[in-house]
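Please work through the exercises below with the sequence and the model at hand. Each task is followed by a solution in steps.

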Amino acid sequence: MRYLISNPVFLREYEEEMLRDIGCATEYRKGEVILSPEEVPKCLYLVESGWVRIYGSGGLRIAGNIIGLEDLLCGVSISGLAVAIRKTVVFSVKREDFWELLSLNPYFFNRVIGLFDCTNQKKAGWTGHYGPRLGRQALLLS
């Protein structure tokens, strides 16, 4: 099962609750597309229940995982196709609402940046001591 979940981003329960409070729940049937490649993200997605397969970057997202964090933060097009592989409920949080939440909650902002840095370092295979600092600078410059 290890190979199925590549770089999932896990949030704490209260962080998930903050996203649920400002998000909108949508139910997807098996095989339904949640995100298309080359689509510029307008939302961050929190998987509430079910499974989502990410094609392209690979991996499986389960309840508690978020999808599209780095794409949303960097404002780049989606790197893979996200498809529900069973009945799935996903909370979508609009980009503007997510940025407002980050600006109102500095602790959550630092946590999200830390998650973002961690996934980028894993992808690059680099664990140097300057990683988080470089990630924050890149985000602030974009």
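The exercises that follow concern a predicted model.

**Exercise 1. The sheet**

Determine the strand order of the open sheet of four strands and identify its edge strands.

*Solution.* Step 1: the order is β1-β8-β3-β6, and the pairing is antiparallel. Step 2: β1 (24-28) and β6 (66-67) each pair on one side only, which makes them the edge strands. Step 3: β3 and β8 are joined in the antiparallel sense over six bridges. Step 4: L44 stands opposite V93 in β8.

**Exercise 2. A residue of β8**

Classify S92 as buried or exposed, and list the residues it touches, leaving aside those up to four places away in sequence.

*Solution.* Step 1: S92 lies in strand β8 (residues 88-94). Step 2: its relative accessible area is 16%; since buried means under 20%, S92 is buried. Step 3: beyond four places in sequence, S92 touches G23, C24, C43, L44 and Y45.

**Exercise 3. The two sides of a helix**

Explain how the buried residues F98, L101 and L102 are placed around α3.

*Solution.* Step 1: F98, L101 and L102 are buried in helix α3, which spans residues 95-104. Step 2: these residues cover an arc of only 100° around the axis, so they lie on the same side of α3. Step 3: an α-helix has 3.6 residues a turn, so residues three or four places apart point the same way. Step 4: E96, S103 and L104 are exposed on the other side of α3.

**Exercise 4. A surface patch**

Which residues make the nonpolar surface patch of about 260 Å², and where is W51 found?

*Solution.* Step 1: the patch is made by W51, Y55 and I85. Step 2: W51 is found in the loop between β3 (43-49) and β4 (52-55). Step 3: W51 is partly exposed, with a relative accessible area of 34%.

Definitions and conventions
Residues are numbered from 1 along each chain as its sequence is written. This is a predicted model: local features need pLDDT of at least 70, side-chain atom pairs count only at pLDDT 80 or more; totals for chains, interfaces and linings use all residues. Side-chain values use heavy atoms; hydrogens and water are left out. Patches are made of residues with over 30% relative accessible area and no salt bridge: like charges are joined within 9 Å, nonpolar side chains (Val, Leu, Ile, Met, Phe, Trp, Tyr) within 5 Å. Accessible areas come from the Shrake-Rupley method with a 1.4 Å probe; for residues, only the protein chains shown count as cover. A salt bridge is a side-chain nitrogen of Lys or Arg within 4 Å of a carboxyl oxygen of Asp or Glu. Helices (H or I, at least four residues) and strands (E, at least two) are DSSP runs, numbered from the N terminus. Buried means under 20% relative accessible area, exposed over 50%, partly exposed in between (1.4 Å probe, protein chains only). The arc is that of the directions from the helix axis to the C-beta atoms. Contact means heavy atoms within 4.5 Å. Two strands pair if DSSP finds at least two bridges between them.
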